[in-house]
Amino acid sequence: MALRMLCSKTLNINRILPIISINNLPKQLQNETPTSVRWSSFRSSEPVGDIAQFPEVEVVQNPPEWKYVERLLAPRTVPKPTPKESYPSGWTPANPQPELKYVVQRTKNHMLPVYLRRAFRGQRRITAVRHVEGDIWQLEAELRYLIEKQLNRPIITRVNEMSGQIELKGDHVAFVEKFLLEKGM
């Protein structure tokens, strides 16, 4: 109804004022001399009184009921997956070959750290490989050689030794993941 009154051609203020009456406001705002009250600050709240007025609290180190609470809490770390011959999702655990000079560490969720970054409304695609340890230049050379061989054209790469990242221009996530899985990472 209020919207209909505001949108009508003839605006009658007398019909709108009863909606915004002073009686509908909180008591602190009804005063003629409004005071500044900060509702969201701890400084405006009342100080804690005597501690004796609060009930006694007993701190128990290991109560028997705590096991029911622990069941509901999320684990602090991702548990190690149970070893199986094959996983239904196609995931494989890391098993790096000892003769390699580089290693790509898995993420905390045991996944390969290969990501696709998009920029400029999806027109620029960059494949990023993170958590590379060891000879990062050899891994970059192998990836660049195999991708250029597959595409029959040169690609642009960027290596950041300090953060252990390799960036490849283009969407090569599936190819890089397959390559790393074949290497046992």
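A salt bridge is counted where a side-chain nitrogen of Lys or Arg lies within 4 Å of a carboxyl oxygen of Asp or Glu. The structure is a predicted model, in which local features need pLDDT of at least 70 and side-chain atom pairs count only at pLDDT 80 or more, whereas totals for chains, interfaces and linings use all residues. Residues are numbered from 1 along each chain as its sequence is written, and side-chain values use heavy atoms, with hydrogens and water left out.

**Exercise 1. Salt bridges**

Determine how many salt bridges the rule gives, and describe the pair formed by Glu 140 and Arg 144.

Solution.
- Step 1. Applying the rule yields four salt bridges.
- Step 2. In the bridge between Glu 140 and Arg 144, the closest N and O atoms are 2.8 Å apart.
- Step 3. Both residues belong to helix H5 (residues 136-151), where they are four residues apart, about one turn of the helix. Helices (H or I, at least four residues) and strands (E, at least two) are DSSP runs, numbered from the N terminus.
- Step 4. Exposure is classed by relative accessible area: buried is under 20%, exposed is over 50%, and partly exposed is in between (1.4 Å probe, protein chains only). Glu 140 is therefore buried, at 5%, while Arg 144, at 28%, is partly exposed.

**Exercise 2. A bridge between distant parts of the chain**

State which residue pairs with Glu 142, and where the two partners lie.

Solution.
- Step 1. Glu 142 forms a salt bridge with Lys 183, and the closest N and O atoms are 3.7 Å apart.
- Step 2. This pair links distant parts of the chain, 41 residues apart: Glu 142 is in helix H5 and Lys 183 is in the segment after helix H6 (173-182).

**Exercise 3. A network**

Identify the network to which Arg 158 and Glu 167 belong, and class both residues by exposure.

Solution.
- Step 1. Arg 158 and Glu 167 form a salt bridge with closest N and O atoms 3.0 Å apart.
- Step 2. Through salt bridges that share partners, Arg 117, Arg 158 and Glu 167 are joined into one network.
- Step 3. Arg 158 is exposed because its relative accessible area is 53%; Glu 167 is buried because its value is 12%.

**Exercise 4. Positive phi values**

For Phe 120 and Asn 152, give phi, location and exposure.

Solution.
- Step 1. Phe 120, although not a glycine, has a positive phi of about 55 degrees.
- Step 2. Phe 120 is placed in the loop between strand E2 (114-119) and strand E3 (124-129), and at 55% relative accessibility Phe 120 counts as exposed.
- Step 3. Asn 152, also a residue other than glycine, has a positive phi near 60 degrees.
- Step 4. Asn 152 is in the loop between H5 and strand E5 (157-160), and its relative accessibility of 70% makes Asn 152 exposed.

**Exercise 5. A buried histidine position**

Locate His 172 and relate its position to that of Ile 147.

Solution.
- Step 1. His 172 is in the loop between strand E6 (165-169) and H6.
- Step 2. Its relative accessibility is 8%, so His 172 counts as buried.
- Step 3. The C-alpha atoms of His 172 and Ile 147 are separated by 8.0 Å, and the two residues are 25 residues apart along the chain.
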